[in-house]
Amino acid sequence: EWDLSSRCLNDKDLHFVISRAQSSEMAAGVRVLNLEANQIGAQGVRLLADALPQMASLESLNLFNNKIADDGIGPLAEAAKLNRTLTALNLDGSELPVTRLNGAEPVDSLDLKDKGLGVKSAVVVAACIGVNSVLTEINLRGNSLGTEGWCAIFNALRDNKENKIAKWDLSRQKLDAEVAKSIAEYVAVSSVLTELNLRWNHLGDGEAALREIAKDRPSLTLKL
C-alpha cells in the first residue's frame with residue numbers, strides 16, 4: 001500500500017510523486033494508492049488519469065476529501081471506463097466498484113444504494129456503464145447525484161447501444177424536468193427496459209414526454 005493521505009499534497013506535489021514513481025518503475029507495482037485528505041485538484045486528476053495505464057497493478061485509489069470540483073473529474077472517469085484492475089475508487093467517501101461498473105468483471109446487478117455518492121461519483125458511474133454490456137440492474141437510490149449526475153448517467157445509457165439494464169426504481173429521488181428529459185431520450189432508444197418507476201418526483205414537462213413514449217411500448221411498465 002502507498003499511503004499518502006493527509007500530507008497536504010497539491011497538484012505540483014502529485015506531479016513530482018508520480019514522475020518519480022514512473023521513472024523508478026514503482027508505479028507498475030502499486031496496488032493501493034491512498035491520497036485522501038490532500039489538496040489535489042483538477043490538474044492532479046488529469047495527472048492520475050494519464051498515469052493509470054502505467055499503474056497496471058492498481059486495485060484501489062482513494063481521492064476522498066480533496067479539492068476536486070464536480071466538473072474536474074472527467075479525465076479520471078474516462079480512464080476508469082477502460083481500466084481492468086481498479087476495483088475500488090473512492091471520491092465521496094464510498095468505494096465505486098469500477099471493474100464491475102465497466103463490465104471488466106461481469107455482474108448482473110449492483111447495489112449502490114445509500115452510499116453517500118455525489119456528482120463526481122455519478123460522472124464515473126456514467127462513463128463506466130456507458131461501456132457496460134452485461135449489467136441488467138443498478139440501484140443508485142438514496143444518494144446525492146444531483147441533476148448533473150443523473151443526466152450524465154442516462155445520457156451515457158442512451159448512447160450505449162449494448163446496455164442491458166431492464167428496470168429502474170427512481171421513486172422519491174428528487175428528479176427534475178431536466179433529468180426527466182434525459183430519461184425520456186434514454187427510454188426512447190432502449191429496447192430492453194421493462195420497468196421504470198418515477199413516482200413522487202418533480203418531472204415537469206418531462207412527464208408528458210415519457211407518457212407519449214410509453215404509449216407505443218406495451219412491454220414497458222411506466223409508473224408516474
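This is a short chat about reading a cavity and a sheet in a predicted model.

Me: Where do I start if I want to find empty space inside a model, and how many cavities of 30 Å³ or more are there?

Reply: Rolling a probe the size of a water molecule over the atoms shows where empty space is left. In this predicted model, the count comes to 1 cavity of 30 Å³ or more. The largest cavity holds about 80 Å³ of space.

Me: Okay, which elements give two or more residues to its lining?

Reply: Those are helix H1 (11-23) and helix H2 (42-51). H1 gives the most, with 5 residues. If you want to click through the lining, it includes Trp2, Leu14, Ile18, Gln22, Leu48 and Met55.

Me: And how do the lining residues divide into nonpolar, polar and charged?

Reply: You get 11 nonpolar, 1 polar and no charged residues around the largest cavity.

Me: Let's switch to strands. What holds a sheet together, and what is the strand order in the open sheet here?

Reply: Strands of a sheet pair through backbone hydrogen bonds, either parallel or antiparallel. Here, 3 strands make an open sheet with parallel pairing, ordered E8-E9-E10. Strand E8 (167-169) and strand E10 (221-223) are the edges, each pairing on one side only. On average, neighbouring strands in this sheet are turned by 10° against each other, ignoring direction.

Me: Zooming in on one pair, how many bridges join E8 to E9?

Reply: There are 3 bridges between E8 and strand E9 (residues 195-197), and the two run parallel. For a concrete spot to look at, take aspartate 169: its bridge partner in E9 is asparagine 197.

Definitions and conventions. Residues numbered from 1 in each chain as written. Predicted model: local features only at pLDDT ≥ 70, side-chain atom pairs only at ≥ 80, totals over all residues. Heavy atoms only, no water. 1 Å grid on protein atoms, 1.4 Å probe; cavity = no way out; pocket = protein on both sides within 12 Å on 5 of 7 lines; lining within 4 Å. Points joined across faces, edges and corners; volume = space filled by probe spheres on them. Helix = DSSP H or I, 4+ residues; strand = E, 2+ residues; numbered from the N terminus. Nonpolar A, V, L, I, M, F, W, Y, C, P; charged D, E, K, R; others polar. Pairing = 2+ DSSP bridges. Axes fitted to C-alpha atoms, helices over the stretch in contact; angles between N-to-C directions.
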